[in-house]
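Here is a friendly walk through a structure, from its overall layout down to single residues. Please keep the 3D view open as you read.

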Amino acid sequence: MEIESNFGNLVEVEMGKEIYEGILLPSPDSGTFLLKLENGYNIGFNKKEVLKIKVIKKINEKTKEFSPPFSKDKKNVAMIITGGTIAARLNPEKGGVDWLTTPSTLFRFYPELFEKVNIKKIEVPFMKASEDMDYKDWQKIAKVSSQLLNDPEIEGVVITHGTDFLHYTSSALSFFLRNLNKPVVLTYSQRSVDRGSSDANLNLVCSAFAATSDIAQVMLVGHATTNDDFCFAMPGTKVRKMHSSKRDAFKIVNSLPIAKVFPEKIEKLSEYNLRNKNKVILDSKFEEKVALVKVYPGQNPNILDYYYKEGYKGIVLELSGLGHAPTERARMGWTKKLTEVQKKGLIVCAAPQTIYGRLDPLVYSNGRELLETGIIYLEDMLAETAYVKLGWVLGHKEWSTSRDKVADKMLENFAGEINKRLVD
Amino acid sequence: MEINYKEIGFKAGLEIHQQLDTHKLFCECPSVLRNDLPLAVVKRRIHAVAGESGEVDVAAKFQSDEKKEFSYQTYDTTCLVELDEEPPHKLNLEALNTTLEIALLLNCKVFPMTQIMRKTIVNGSNTSGFQRTVLIARGGYIETSGGKVGINSIYLEEDSARPIERNSDSTIYRLDRLGIPLVEISTDPDLKSSVQVKEAALKIGEILRSTRVRRGIGTIRQDLNISIKGSNRVEIKGFQDPKIMEKCVENEVLRQKSFLDRKEKNPSEVRNCLPDGTTEFLRPIPGSARMYPETDLPVLHISRELINQVKKNLPKLKEEIEEELRKDGLDGEMIKLILKSNKLEKYKELYEINGNPKLISKVLLLFPKEIAKKEKKSLEEIEEILSHDVLLFLLESVYKEKIQERDLKHVMEKIVSGVSAKEAIKLEKEDFLDLEEKIMKIIKEKSGLSANAYMGLVMKEFKGKISGEDAMKVINKFLK
């Protein structure tokens, strides 16, 4: 009795006296399978209890490929598809997930995307959930982006991506793509595309629109609120996933939106780098041995020894409040250990655990004590951005020669990662 | 005109949607409808999603042709799940239990393994763009005087959002109803006459009401599928009252027949039943809606143990309950009242505390009504003060002889006037002592009168605050 090979076929399932007819589907539970009945409902069976499965009709899959509309009056945009909910679709006929990576599947699910722009090119460097990505994937995306950005026929790039670690990628691209000339827009969806309520439609339409704008920055474009009315264009180094499920999961931290993006207009809200004729330079060197560690009450500072022994070159500590860790007065103080590992050459940076606000180690004696150990305080930089930036800075041999050089570079504002003027 | 149903090849099936009396199906929000101002309004759009083959469902297209904007009113009794901003929580097991009860009472076979599905809905009444629904059982029947009527399937699903205002390019919905558990029962097309349609609807209604379902307007919706030989199937919605069903069926048969008489065929459509039993066009009949799995939730396993447990505790049908209450010594009027006001559960709980059915029915039904009338307050207000806990306490106090049965109403009145239950039963005792003192005083002041003469004086003094019986007891006590 072959089950797996008949997924998608119309079958008769015999179970005791009962016979059920429907389309055979895989089940998420092992040892079972599903049957889509004529009324559309799926019911399940234990493989062991089934006497016989008879194939009534083989269903042959027809997917017609066709070219989506193209018009000389519309601007050309390129897409980089990397995976995530926005590019995934459950196949209800056969079970499992289909990736939407061809122009015709994209058109079928997001027809509105093609109303505003021509999707001139689609690049698929890999298909991954964002939590499975690391710096090597950022490097691939950056490479493809730089090629597309240097193509005179392309106005801007839209990158679709999973949401979980999207803000790491947006940070990485902000540092990796030097001399930026055109918009680089990252977008996502929190609700799958098979539902009528998917947030992907608005996000994609607004992203395509933003990609044709004069904003030559790496930005994340997505729902500004829970409403389906407009998106924010958010600076790539100042954005963070702040909700596990809502449409407006991404929030700008310590900065302002670049623009409000509606499907039909853009309202600019702050200064930005203008579209220009530069040639983009790819600068994606990265030091893998970098860590991000959150400091918590009672934590043993010996954790730093582990990173040192493992050959780590740099570490970003998420410190409490204005920039504190347990000091000499604590039962398990960090001051000595911090001095020790930095002397041995480990670079230690600090980013705010509070997420919002700027670090200032000078206000309290505890902060001053830690500052003396040599920690590089990164002002209002997001911890995630700090992690990416530290890897990027240490990836440059010419910068990683000394602690002071690294400190200089970490505090140099490359891509708006530091905001000197925080407003409420 | 008398209709010969057999001759015209009449076929009808019922589809009944009944709300269950529990919290929402996929979140912990209470199932309460709100009529106050919303906390916030959320704006969304719904896109028609093409199926694999690229074609869009006929009904879906009909409703989504215009690009409509949908507004959703939120309350402190709705959460991110109704807003389509959080994945569904685990299926409400209380709702599943009730559905299983209904399935078993309707003699259905329960599926041991079944998948929660998403049924595509594009009119905006579901924030997600689909309705979550799961097939629970099939293959049952009910008995009617015209023979067995097959129960085709039983589904458990989430109710849709309430439309509040429809405009040409937008609709405002209220999220309070979205997600309330709904059982859908569809019969086979076995119904052979308008009389049988009504009988089956009433019978299923009665079975539903023996389980934990919501009561009142809008908590049950009945749809009818009707065709006669040679005609197209028509679905009729919006029966407010089963009484109208019979007339509506007759009208629809005549309407379909008039097409055939003109050598035409009636369109296959959904029609709305009007209060006078006629119908009006609502929309085309939807093609089979696109259904795909709810991947945010695991496959639902309904174990043999669970089914057996439900079987053991199956609720009694109305007739059985009536018989039991009659054995308790209640009269028909009171039994009717208890069932009608949906207070059987409360009655039973009070019965556990104080096994005096007549007293319980008074405390539960008569006194609150009388007090409401006297105080010129609504019964709801009175029942809110005289809560179930208060009644439990009072009946317990009677049982423990802390207060007299005859004082109960007076105590309840005091509680309604703002005295706490504990204080009220204490006061009642003091009042009685106070009463004795006063009567003694009256007797001392005018000595030598007959008991009846004192009675007159006492009753005048107390102006009906005490019963004659009580007064006489005290008078006799002092005259001895």
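The text below covers confidence, domains, a sheet with its helices, and the nonpolar cores.

**Confidence**

Please bear in mind that this is a predicted model. Its scores are ipTM 0.91 and pTM 0.81. For chain B, the mean pLDDT is 88, with 93% of the residues at 70 or more. One stretch of chain B deserves caution: over residues 52-59 the pLDDT stays under 50, and the model has 18 contacts beyond four places in sequence for this stretch.

**Chains and domains**

Chain A has 424 residues, and buried residues make up 47% of them. Its C-alpha trace spans about 80 × 55 × 40 Å along the principal axes. You will find 10 helices and 23 strands in chain A. Of the contacts in this chain between residues at least 6 apart in sequence, 68% join residues at least 24 apart.

The domain assignments of the two chains are as follows.

| Chain | Domain 1 | Domain 2 | Domain 3 |
|---|---|---|---|
| Chain A | residues 4-57 | residues 75-282 | residues 290-410 |
| Chain B | residues 11-293 | residues 316-419 | residues 434-479 |

In chain A, the C-alpha centres of domain 2 and domain 3 lie 32 Å apart. Their contact takes 11 residues from domain 2 of chain A and 10 residues from domain 3 of chain A. On the domain 2 side, helix α4 of chain A provides the largest share, 5 residues. In chain B, the C-alpha centres of domain 1 and domain 3 lie 67 Å apart.

**A sheet and its helices**

Now to an open sheet of chain A. It has 8 strands in the order β9-β6-β10-β12-β13-β14-β17-β18, with mixed pairing. Which strands form its edges? They are β9 (117-123) and β18 (266-268) of chain A, each of which pairs on one side only. On average, and ignoring direction, neighbouring strands of this sheet are turned by 30° against each other.

Within the sheet, strand β14 (residues 231-235) and strand β17 (residues 259-261) of chain A pair in the antiparallel sense over 3 bridges. Here A:C231 has A:V261 in β17(A) as its bridge partner.

Two helices of chain A pack on this sheet. Helix α4 (residues 166-176) of chain A touches β12 (184-187) and β13 (218-223) of chain A, and its direction makes about 150° with that of β13(A). Helix α5(A) touches β6 (75-81), β9, β10 (156-160), β12, β13, β14, β17 and β18 of chain A. The direction of α5(A) also makes about 150° with that of β13(A).

**Nonpolar cores**

In soluble globular proteins, nonpolar side chains tend to be buried together. The largest nonpolar core here has 106 residues, and A:A210 and A:C349 have the most contacts inside it. Which helix gives the most to this core? That is α5 (residues 200-211) of chain A, with 9 residues. Domain 2 and domain 3 of chain A each supply at least three residues to the core.

What does A:A210 touch, leaving aside residues up to four places away in sequence? Its contacts are A:P183, A:V185, A:I215, A:M219, A:V221, A:A233, A:V261 and A:I266. One of these, A:V261, is also the bridge partner of A:C231.

Apart from this core lies another, of 75 residues, which includes A:F45, B:L96, B:M113 and B:I226.

Notes:
Residues numbered from 1 in each chain as written. Chains lettered and ligands numbered in written order. Domains from an automatic or database assignment. Core = buried A, V, L, I, M, F, W, Y, C linked by C-beta atoms within 7 Å. Buried ≥ 20, exposed ≤ 12 C-beta atoms within 10 Å, placed from the backbone. Helix = DSSP H or I, 4+ residues; strand = E, 2+ residues; numbered from the N terminus. Contact = placed C-beta atoms within 7 Å. pLDDT = per-residue confidence, 0-100. Pairing = 2+ DSSP bridges. Axes fitted to C-alpha atoms, helices over the stretch in contact; angles between N-to-C directions.
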